[in-house]
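Reader: Hey, I'm new to this one. Can you pull it up and walk me through the ligand?

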Amino acid sequence: MNTNEIKSLNDKHIINTYGERKIALVRGEGTHVWDADGREYLDFFAGIAVVNLGHCHPVVTEAICGQAKKLVHVSNLYYIEPQVKLAQILSENSFADRWFFCNSGAEANEAAIKLVRRYWAEKGTPKPGIITAQESFHGRTIAAITATGQPKYHKGFEPLVPGIDYAPYDDVDALEKAITPETGAVLLEPLQGEGGVRVPSDGYFEKVRALCDEKNVLLVLDEVQTGLGRTGKLFCYEHYGIEPDVMTLAKGLANGVPIGALGCTEEVASGFGPGSHAATFGGNPLSTAAAAATLGVLLEGDFLQQAANKGEYLFSKLGPIAAKHDCVEALRGKGLMVGIQLTAPAGPVVEKMIESGVICGPAGPNVLRFLPSLIITEEEIDQVVSKLDVVLGGL
Ligand code: PLP
């Protein structure tokens with residue numbers, strides 16, 4: 001099918017939650033994708049921070065195909081070998097001791113909200129309150145949109161889940177004021193993604209950790225977008241020299257196969273017992289085999305260090321472009337997660353970049369966002385930066 005044929009079927013049969021799109025992508029390889037009319041693009045968005053190893057990475061493809069021939073799904077009524085192997089790899093490379101697997105970031109956050117509430121209830125000191133940040137994004141289930149501190153995602157879905165309140169991001173004093181004796185957990189992104197790629201000030205997360213300890217409140221980090229090498233470390237919290245009590249993952253975990261994960265300490269894991277939470281597809285053989293293969297590549301040799309170096313290279317090239325164009329208000333981010341705050345709406349800039357052969361996206365109304373896969377090369381970065389220079393020059 002060509003783009004027009006795909007578009008007309010979409011317009012007839014798909015519920016219109018995503019609005020109009022310009023292209024239909026039908027093939028990907030590494031950092032490149034092709035549309036239904038045969039046009040090639042350099043992908044600087046990686047499916048919204050999902051294909052961190054690039055499209056159809058051979059190691060992950062082999063794991064998917066091998067597992068698909070062996071066993072795709074059985075349910076959690078039985079032990080699942082790839083699932084326990086994945087949990088072992090994640091435990092060996094993070095603060096977390098135990099894992100629960102599901103299918104998306106929203107579902108992982110939903111599980112985290114349930115876990116922290118249940119943890120305090122089981123301890124006999126129920127504290128159902130959860131504080132999240134203004135401008136945050138945690139997904140689209142009803143609890144996850146409630147946790148998302150942006151009213152535009154709430155509109156028309158009220159009543160929301162009770163017990164979730166908001167404090168400004170990157171403001172420890174405000175967070176402290178928001179915590180009450182009812183507060184059981186603070187849920188934050190280590191670096192806000194959808195809210196405009198906002199990097200907290202140095203020392204913020206150390207203070208948040210200390211505050212949570214002082215108030216006996218659990219710290220939950222949503223690493224759905226920042227995790228799996230995106231910011232130059234396997235998990236973003238590693239930059240801050242702290243450890244959370246609970247962490248959620250999704251997006252890049254299986255390099256494109258749907259998966260979500262909740263990791264936590266042994267202590268917090270005691271909040272869930274048999275029957276307390278479940279997901280039919282969660283941690284199934286196919287997704288967990290793909291995730292284990294993905295982590296194998298991410299953790300091999302100096303892969304993560306190289307990703308961090310490429311992030312530094314990208315920022316070093318974007319700095320002069322940001323300084324040169326008056327329409328750029330700020331350049332923010334970490335590793336290969338970049339936000340360019342513009343004085344103009346980001347949507348038309350994204351469209352012009354796509355017309356010039358580069359896939360990228362927005363983060364809120366005025367922020368242009370780059371999320372290339374971690375295998376991007378310096379030459380490809382140079383190409384994108386020079387195209388951006390032209391597009392910004394034309395604004
Ligand atoms: N949490 C964060 C920080 C995200 O960026 C996202 C998606 O963009 C989500 C949660 C929701 O993930 P999903 O779309 O897989 O439900």
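Reader: So how far is an oxygen atom of the ligand from an N or O atom in the side chain of Lys-251?

Author: That distance is 3.1 Å, and a polar contact here is a pair of N or O atoms within 3.5 Å. This is a predicted model, where local features need pLDDT of at least 70, side-chain atom pairs count only at pLDDT 80 or more, and totals for chains, interfaces and linings use all residues. Residues are numbered from 1 along each chain as its sequence is written, and side-chain values use heavy atoms, with hydrogens and water left out.

Reader: Okay, and how much of the ligand does the protein bury?

Author: The protein buries 81% of the 390 Å² that the ligand exposes taken alone (Shrake-Rupley areas, 1.4 Å probe).

Reader: What does Glu-194 do with an oxygen atom of the ligand?

Author: Glu-194 has a polar side-chain atom 3.5 Å from it. On the backbone side, a polar atom of Phe-137 sits 3.5 Å from a ligand nitrogen.

Reader: Which residues come nearest to the ligand?

Author: Gly-105, Ala-106, Asp-222, Gln-225 and Lys-251, out of 13 around the ligand (a heavy atom within 4 Å).

Reader: And which helix gives the largest share of that shell?

Author: Helix 5, residues 105-122, with three residues (helices are DSSP runs of H or I, at least four residues).

Reader: Switching topic: what's the class split of the shell?

Author: Three nonpolar, six polar and four charged residues; Asp, Glu, Lys and Arg count as charged, Ala, Val, Leu, Ile, Met, Phe, Trp, Tyr, Cys and Pro as nonpolar, and the others, Gly among them, as polar.

Conventions: Polar contact = N/O pair within 3.5 Å; in protein donor to acceptor, adjacent residues only side chain to side chain. Helix = DSSP H or I, 4+ residues; strand = E, 2+ residues; numbered from the N terminus.
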